[in-house]
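Student: Could you take me closely through one part of this model, beginning with a charged side-chain contact and following the chain outward from there? I would like the reasoning spelled out where a cut-off matters.

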Amino acid sequence: MTVSSSRPVSQPRFMQQKIMAYWFYRFASIIYDTCNKLVYTEEMRDESLEELDLNDRNLVVVDVGGGTGFTTTGVVKHVDGKNVTILDQSPHQLAKAKKKKQLKDCTIIEGDAENLPFPTDYADRYVSGGSIEYWPDPQRGIRESYRVLKKGGKACMIGPVYPTSWVSRFFADVWMLFPKEQDYIEWFQKAGFQDIKLKRVGPRWFRGARRHGLIIGCCVTGVKPESGDSPLQLDTKLEDLKKPTSQNPIKFLWGYTLGWIGGWYFIFVPIYMWIKDKIYPSGIQI
């Protein structure tokens with residue numbers, strides 16, 4: 001059972017399943033870059049990437065769950081594109097990334113965050129922004145981040161935080177995984193990372209408010225202390241996108257619809273907070 005919710009990992013939220021996320025982004029990719037600006041700004045991205053220590057243009061970097069390449073465009077400001085790989089399970093999201101001039105030298109591949117196609121001790125830096133919320137088994141994904149890093153390599157996980165408002169908690173659990181901050185820390189610790197740090201981020205118009213949760217609310221970093229695989233041993237994967245779903249089509253459609261409803265709620269929340277920011281005098285918490 002996860003720390004963040006009463007729902008166990010074996011009963012993920014509707015969009016916290018690879019097949020659901022695949023079909024979600026089949027259509028969401030059309031408007032993704034536009035809507036994303038409401039919840040994951042360039043300022044937030046760059047602030048998070050500062051924690052990754054991209055201090056050498058020759059660093060080998062993997063962006064896991066890179067989608068349309070929004071986080072990667074921040075990475076290539078500091079690292080040569082030829083050394084950067086973007087991986088995502090959605091061909092529709094990656095199609096958007098391939099059209100961005102800043103990413104023309106990057107390697108762009110389809111893949112699974114919980115079963116990365118890279119050898120052990122491969123990369124100097126690992127980053128994942130706005131992806132963990134769709135992983136059926138986040139601990140497995142973070143374990144993989146440890147495995148693919150070289151000794152002394154650094155991982156940076158940029159993701160959501162769980163709401164305290166009961167209404168937002170309801171929609172969060174309908175839509176996707178919103179971990180608590182402590183969840184991230186524990187996942188990194190169990191994977192074997194050291195020097196683990198968490199930094200809070202969020203759109204400035206939220207004025208620090210976190211009760212509604214944030215689609216992007218924190219970045220967590222950790223350093224791999226030794227070469228080799230993670231000391232954490234796990235059982236068989238929960239879900240494989242390449243295998244056909246055994247779900248009843250009606251049940252699948254029902255869950256898919258509810259997941260979309262939950263997603264739209266978290267599009268309206270930042271709009272609501274933006275309006276409040278414009279109305280309320282500066283300096284007052286909203």
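Tutor: R57 has a relative accessibility of 37%, so it counts as partly exposed, since that class runs between 20% and 50%; the model is a predicted one. The side chain of R57 meets that of D80 in a salt bridge, with an N to O distance of 2.7 Å. This contact links distant parts of the chain, for R57 sits in the loop between α3 and β1 whereas D80 sits in the loop between α4 and β2, and 23 residues separate the two. D80 is likewise partly exposed, at 24% relative accessibility.

The loop that carries R57 leads to strand β1, residues 61-64, which is covered on both of its faces. In a regular strand, side chains alternate between the two faces of the sheet. In β1, V61 and D63 lie on one side while V62 and V64 lie on the other, and all of these residues are buried. The strand has a parallel partner in β2, residues 84-88, to which 4 bridges join it, and within this pairing V64 stands opposite L87. Between the two strands the chain passes through helix α4, residues 70-75, and the resulting β-α-β crossover is right-handed. Strand β1 also runs parallel to β4, residues 123-129, through 3 bridges, and there the bridge partner of V61 is R125.

The loop between β3 and β4 contains D121, whose phi is positive, about 60 degrees, although D121 is not a glycine. Most residues other than glycine have a negative phi. D121 is partly exposed, with a relative accessible area of 28%. A comparable entry is found at R207, again a residue other than glycine, with a positive phi near 50 degrees. R207 belongs to the loop between β6 and β7, and its relative accessibility of 21% puts it in the partly exposed class, because buried would require a value under 20%.

The loop between β6 and β7 also takes part in a charged contact, and side chains of opposite charge can pair when their charged atoms come close. Here R204 forms a salt bridge with E43, the closest N and O atoms being 3.3 Å apart. The two ends lie 161 residues apart along the chain, with E43 in helix α3, residues 42-49, and R204 in the loop between β6 and β7. E43 is partly exposed, with a relative accessible area of 48%, whereas R204, at 60%, counts as exposed. The structure's salt bridges come to 18 by the rule applied. Among them is the contact of R45 with D46, in which the closest N and O atoms are 3.0 Å apart. R45 is buried, at 2% relative accessibility, while D46 is partly exposed, at 26%. R45 and D46 also belong, with K77, to a network of salt bridges.

Strand β1 and its surroundings also bear on the enclosed space, for the structure holds 3 cavities of 30 Å³ or more. The largest of them has a volume of about 340 Å³ and is lined by 30 residues, of which G65, D88, Q89, S131 and Y134 lie nearest its centre. The elements that give two or more residues to this lining are α1, α2, β1, α4 and β2, so the list takes in both strands and the helix of the right-handed crossover. The most is given by α1, with 3 residues. By class, the lining of the largest cavity has 11 nonpolar, 14 polar and 5 charged residues.

The second largest cavity has a volume of about 290 Å³. Its lining is made of 20 residues, and those nearest the centre are F24, Y25, Y32, W175 and I267. Two or more lining residues come from each of α1, α2, β7 and α9, and α9 gives the most, with 4 residues. This lining divides into 16 nonpolar, 3 polar and 1 charged.

Note on methods
Residues are numbered from 1 along each chain as its sequence is written. This is a predicted model: local features need pLDDT of at least 70, side-chain atom pairs count only at pLDDT 80 or more; totals for chains, interfaces and linings use all residues. Side-chain values use heavy atoms; hydrogens and water are left out. Buried means under 20% relative accessible area, exposed over 50%, partly exposed in between (1.4 Å probe, protein chains only). Two strands pair if DSSP finds at least two bridges between them. A crossover is right-handed if, with the strands pointing away from the viewer, the path from the first strand over the helix to the second runs clockwise. A salt bridge is a side-chain nitrogen of Lys or Arg within 4 Å of a carboxyl oxygen of Asp or Glu. On a 1 Å grid over the protein atoms alone, a cavity is a set of points where a 1.4 Å probe fits but cannot get out, and a pocket is an open set with protein on both sides within 12 Å along at least five of seven lines; lining residues have an atom within 4 Å of a point. Grid points are joined across faces, edges and corners, and a volume is the space filled by probe spheres set on the points. Ala, Val, Leu, Ile, Met, Phe, Trp, Tyr, Cys and Pro count as nonpolar, Asp, Glu, Lys and Arg as charged, and the others, Gly among them, as polar.
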